[in-house]
Amino acid sequence: MAGMAIDENAGPSCGNPYKILNIDFGASESTIAKAYRKLSLKYHPDRRRKSENGHQEKDDRMFLWITESKDFLLNSDFAERRRKYNAWLQSSKIRRENDERRIGTMSERRKRMRDELKEKEKKASDQSSHFERSPFQTNSRTKANKSRKRGTDKNADLLNKLRKEGSELRDRHSNTRATDEMSSGFSRKDELDSLKRKRQNDESLIKGRQVRLKWSRRKTFASHSEDTLAKLLSTKFGGVESVQLIGSKGNAALVTFALSTSCEPCVKYYLESDEMRASFLDQTRQRQVHEKHQVDTAIDGKSNKNTSNESIDDRRIRQAAERANLLQKMLEEND
């Protein structure tokens with residue numbers, strides 16, 4: 001409603017035309033005309049009998065009001081005044097709704113303080129009017145004027161004090177509300193952070209039970225589906241919770257086992273396979289398994305040379321030493 005002229009005094013002299021015609025604000029022209037016809041049948045001097053109870057003057061006045069209200073709402077001569085008056089009505093309605101909404105959010109203590117402040121302002125205003133209207137019976141006119149001025153000044157000071165208290169109450173209310181909103185914002189942020197951490201933990205737990213499979217369609221005799229993969233893997237490594245085919249070539253899948261302990265045996269089983277490979281989603285874990293497999297392969301290759309006369313204990317000691325040496329060399333190469 002920015003830029004629109006608003007004027008309470010632009011309305012008709014009879015008052016609110018919508019209330020007089022008993023219609024809603026913003027009613028259509030047909031509704032206005034219908035309401036006018038209905039009321040004019042009731043109050044028109046030619047339609048009603050002469051009043052026997054002394055209400056004839058009141059009925060005549062009512063007929064003039066409904067006629068004036070109808071003209072104001074329908075006659076194009078009143079278009080500009082009607083626009084200003086309607087804007088004022090709309091503004092008043094919005095202001096009342098905002099006041100009711102604000103009062104509805106107040107605590108009982110704030111409502112009580114607000115009522116007490118209004119009562120004090122009313123008493124101060126009444127006293128001020130009394131001082132301005134009441135004559136002072138003194139022998140000196142000058143003394144009366146001074147006394148009246150002191151009384152007026154005293155009540156003006158009281159009104160200013162009450163207004164100041166009201167302003168301080170509103171400021172405290174605004175500060176309290178801002179603090180509550182800030183606390184609510186922090187609580188909401190903590191809640192979101194907690195949900196985010198929980199989701200990340202859940203995703204981490206799920207990834208700990210997942211492996212990625214990839215196979216060669218040329219070397220595989222049958223085309224794998226989610227059902228065939230679930231049956232194959234559950235038989236070899238334990239329960240499978242879900243299998244999801246991924247990629248556009250149809251030769252990869254994401255497998256979620258029921259237990260995380262099923263993942264490592266699956267990855268190790270297919271490390272040397274030409275048909276299918278399995279890998280962890282966690283690259284660090286995948287690298288650890290691959291390095292351990294290289295160490296074991298190297299140790300097994302060396303152990304086949306001139307170890308036919310070794311005892312089981314000697315073989316274990318030698319393999320442990322060779323494993324340690326290989327790991328040390330791999331760490332040095334990485335450095």
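Accessible areas here come from the Shrake-Rupley method with a 1.4 Å probe. On that basis, the accessible surface of the protein is about 24,900 Å², and carbon and sulfur atoms hold 48% of that surface. The model is predicted. The protein has 335 residues, of which 24% count as buried. Ten helices and four strands make up its list of elements.

**Fold and contacts**

- Along the sequence, the elements run α-α-α-α-α-α-β-α-β-β-α-β-α-α.
- Take the contacts between residues at least 6 apart in sequence: 60% of these join residues at least 24 apart.

**Confidence**

- The average pLDDT is 77.
- A score of at least 70 is reached by 77% of the residues.
- Residues 131-140 have a pLDDT below 50.
- In the model, that stretch makes eleven contacts beyond near neighbours in sequence.

**The largest nonpolar core**

- This core holds 19 residues.
- Val-211, Leu-213, Leu-233, Phe-257 and Cys-266 have the most contacts inside the core.
- At least two core residues come from each of strand S1 (210-215), helix H7 (226-237), strand S3 (252-257), helix H8 (263-269) and strand S4 (276-280).
- Cys-266 has a relative accessible area of 0%, so the residue is buried.
- Setting aside neighbours within four places in sequence, Cys-266 contacts Val-211, Leu-213, Leu-233, Phe-237, Phe-257 and Ala-278.
- A second, separate core has 18 residues, including Ala-10, Ile-20, Ile-23 and Leu-39.
- As a general background, nonpolar side chains in soluble globular proteins tend to be buried together.

**Strands S1 and S4**

- S1 pairs with S4 in the antiparallel sense, over five bridges.
- Lys-214 has Arg-277 of S4 as its bridge partner.
- The covered face of S4 carries Met-276, Ala-278 and Phe-280.
- The uncovered face of S4 carries Arg-277 and Ser-279.
- Arg-277 thus appears twice: on the uncovered face of S4, and as the bridge partner of Lys-214.

**Cysteines**

- Zero disulfides turn up in a search of the whole structure.
- Cys-263 is in no disulfide, and its nearest cysteine sulfur, on Cys-266, lies 7.5 Å away.
- Cys-266 is likewise in no disulfide, with the sulfur of Cys-263 as the nearest cysteine sulfur.
- The cut-off for a disulfide is a pair of cysteine sulfur atoms within 2.5 Å, so the 7.5 Å between Cys-263 and Cys-266 does not qualify.
- Cys-263 counts as buried because its relative accessibility is 0%.

**Helix H2: Tyr-36 and Ser-40**

- Helix H2 spans residues 29-43 and contains Ser-40.
- Tyr-36 is also found in helix H2.
- Buried means under 20% relative accessible area, so Tyr-36, at 18% relative accessibility, counts as buried.
- Ser-40 counts as buried because its relative accessibility is 12%.
- Leaving out residues up to four places away in sequence, Tyr-36 touches Leu-21, Ile-66, Thr-67 and Lys-70.
- Tyr-36 and Ile-66 are 30 residues apart along the chain, and their C-alpha atoms are separated by 6.7 Å.
- Beyond neighbours within four places in sequence, Ser-40 is in contact with Phe-63 and Ile-66.
- Ile-66 is thus a contact of Tyr-36 and of Ser-40.

Note on methods: Residues numbered from 1 in each chain as written. Predicted model: local features only at pLDDT ≥ 70, side-chain atom pairs only at ≥ 80, totals over all residues. Heavy atoms only, no water. Buried < 20%, exposed > 50% of the residue type's maximum accessible area, 1.4 Å probe, protein only. Contact = heavy atoms within 4.5 Å. pLDDT = per-residue confidence, 0-100. Core = buried A, V, L, I, M, F, W, Y, C linked by side-chain atoms within 4.5 Å. Pairing = 2+ DSSP bridges.
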